[in-house]
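Subject: The structure I promised you

Hi,

Here is the structure we talked about, for you to open and turn around on your screen. Please have a look at it first, and then read my notes below.

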Amino acid sequence: MSPKNVVITGGTDGIGRALALAHLERGDNVLVVGRDPEKGKEFGTGFLAADLSLVRENRAVVAEVEARFPELDVLVLCARHYLSARRETAEGFEHNFALFYLSRFLLSHGLSGSLEKAANPVVMNVAGPGADLSAVRWDDLGSTRDYDGAAAMTQAGKLNDLLGVSFAERADRTRYVLFHPGVVATSFSGEYDGPTAAHVEAMKRSATPVETAVWPIVERIDDPPAEPLSAFVRDRRIDVHGVSFDRRAAARLHDRTLELLDGI
């Protein structure tokens with residue numbers, strides 16, 4: 001098999017790093033995108049430093065990927081960072097919304113042209129598919145009222161479900177896979193208050209090792225379902241045609257996202 005061109009966000013830790021190393025071992029051309037240049041040294045020129053909570057830096061990543069690769073075979077979206085206390089980016093977006101959703105929207109759609117040029121293109125969005133649509137606060141996507149870190153993260157995960165729906169409707173050949181790996185012993189990137197930190201430490205004790213959790217994702221990248229959109233919770237496939245993946249809600253979110261990005 002000829003080497004694939006692979007871009008991985010959040011690729012310096014946890015699942016993203018494990019996926020990057022797996023593709024490098026195969027001889028693929030891998031570009032890891034992350035915040036920390038020190039961690040990025042592991043990947044040499046295959047690392048691109050970027051703050052993906054910022055719209056402008058996502059657009060710069062798109063431009064860099066297009067310059068490096070004539071076509072893109074695989075886009076893996078792993079970057080996220082938990083915040084117990086609400087924070088806004090320099091561009092005025094709530095941080096979870098910006099990093100966990102907006103970045104994935106910008107990279108998915110921004111790189112769609114490069115993906116469509118590849119022989120068997122796939123987007124792997126490592127999120128948390130399957131939550132109820134009630135997780136979305138349509139009148140407060142920025143979580144300005146009664147902020148709760150877990151609720152903001154859950155909402156962003158649901159927005160990624162709807163992103164998958166709207167992307168799949170617009171793509172020609174690219175398959176979009178939403179994947180929930182379960183509780184995995186990653187770095188649990190975030191800034192936690194006391195009770196949340198204690199809960200995280202408890203989860204770590206029973207979490208699946210990264211080395212185990214990564215292989216179902218590799219399998220789905222190598223052999224995605226034929227349908228434009230699919231979703232998995234570990235090795236269990238879930239339905240993407242029910243009310244939880246409502247097409248009207250996906251269209252509503254797509255239009256609202258474009259409005260929010262207008263002028264930035």
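What follows is a walk through the sheet, some of the helices and a few single residues.

First, some ground rules. This is a predicted model, in which local features need pLDDT of at least 70 and side-chain atom pairs count only at pLDDT 80 or more, while totals for chains, interfaces and linings use all residues. Residues are numbered from 1 along each chain as its sequence is written, and side-chain values use heavy atoms, with hydrogens and water left out.

The sheet

Let's begin with the strands. Helices (H or I, at least four residues) and strands (E, at least two) are DSSP runs, numbered from the N terminus. Eight strands make up an open sheet with mixed pairing, in the order β3-β2-β1-β4-β6-β7-β9-β10. Two strands count as paired if DSSP finds at least two bridges between them. At the edges stand β3 (47–49) and β10 (236–238); each has a single partner strand, so one side of each is left without a neighbour in the sheet. On average, neighbouring strands of this sheet are turned by 20 degrees against each other, direction ignored.

Now look at β1. All five of its residues, five of five, are buried, so β1 is largely enclosed by the rest of the structure. Here buried means under 20% relative accessible area, exposed means over 50%, and partly exposed is in between (1.4 Å probe, protein chains only). N5, V7 and T9 are on one side of β1 and V6 and I8 on the other, and both faces are covered. β1 runs parallel to β2, joined by five bridges, and V7 stands opposite L31 in β2. With β4, β1 pairs in the parallel sense over four bridges; there, I8 stands opposite V76.

From β4 you can step on to β6, since V76 has M124 of β6 as its bridge partner. These two strands run parallel and are joined by four bridges. β6 is mostly covered, with five of its five residues buried: V122, M124 and V126 point one way, and V123 and N125 the other way. The next pairing, of β6 with β7, is parallel over five bridges, and V123 stands opposite Y176 in β7.

The helices

Which strands does helix α4 lie across? Helix α4 (residues 95–110) lies across β1, β4, β6 (122–126) and β7 (175–180), running at about 170 degrees to β4. Axes are lines fitted to C-alpha atoms, for helices over the stretch in contact, and angles run from 0 to 180 degrees between N-to-C directions. Helix α8 lies across β4, β6, β7 and β9 (229–233), at about 155 degrees to β6.

Helix α1 (residues 14–26) has 13 residues and reaches 19 Å from its first C-alpha to its last, close to the 18 Å expected at 1.5 Å a residue. That expected span is 1.5 Å times one less than the number of residues. Buried residues of α1 include I15, A18 and L19. The buried residues of α1 pack against β1 (5–9), β2 (29–34), β4 (74–77) and α8 (210–222). Just after α1, G27 takes a positive phi of about 95 degrees.

On the α8 side, V214 lies in that helix and is buried, with a relative accessible area of 4%. V214 touches I15, A18 and L19, not counting residues up to four places away in sequence; contact means heavy atoms within 4.5 Å.

Helix α6 (residues 149–170) and helix α9 (residues 247–261) pack at an angle of about 95 degrees, with their axes 8 Å apart. That makes α6 roughly perpendicular to α9, a label used for angles of 65 to 115 degrees. The contact is made by L159, L162, V165, S166, E169 and R170 of α6 and R247, A249, A250, L253 and H254 of α9.

Two loop residues

Last, try the loop between β6 and α6, where you will find S143 and D146. S143 has a positive phi of about 50 degrees although it is not a glycine, and D146, also other than glycine, has a positive phi near 50 degrees. Are these residues buried or exposed? S143 counts as buried at 4% relative accessibility, whereas D146 is exposed, with a relative accessible area of 72%.

Happy exploring!

Note on methods:
Angles under 35 degrees count as roughly parallel, over 145 as roughly antiparallel, 65 to 115 as roughly perpendicular and the rest as oblique.
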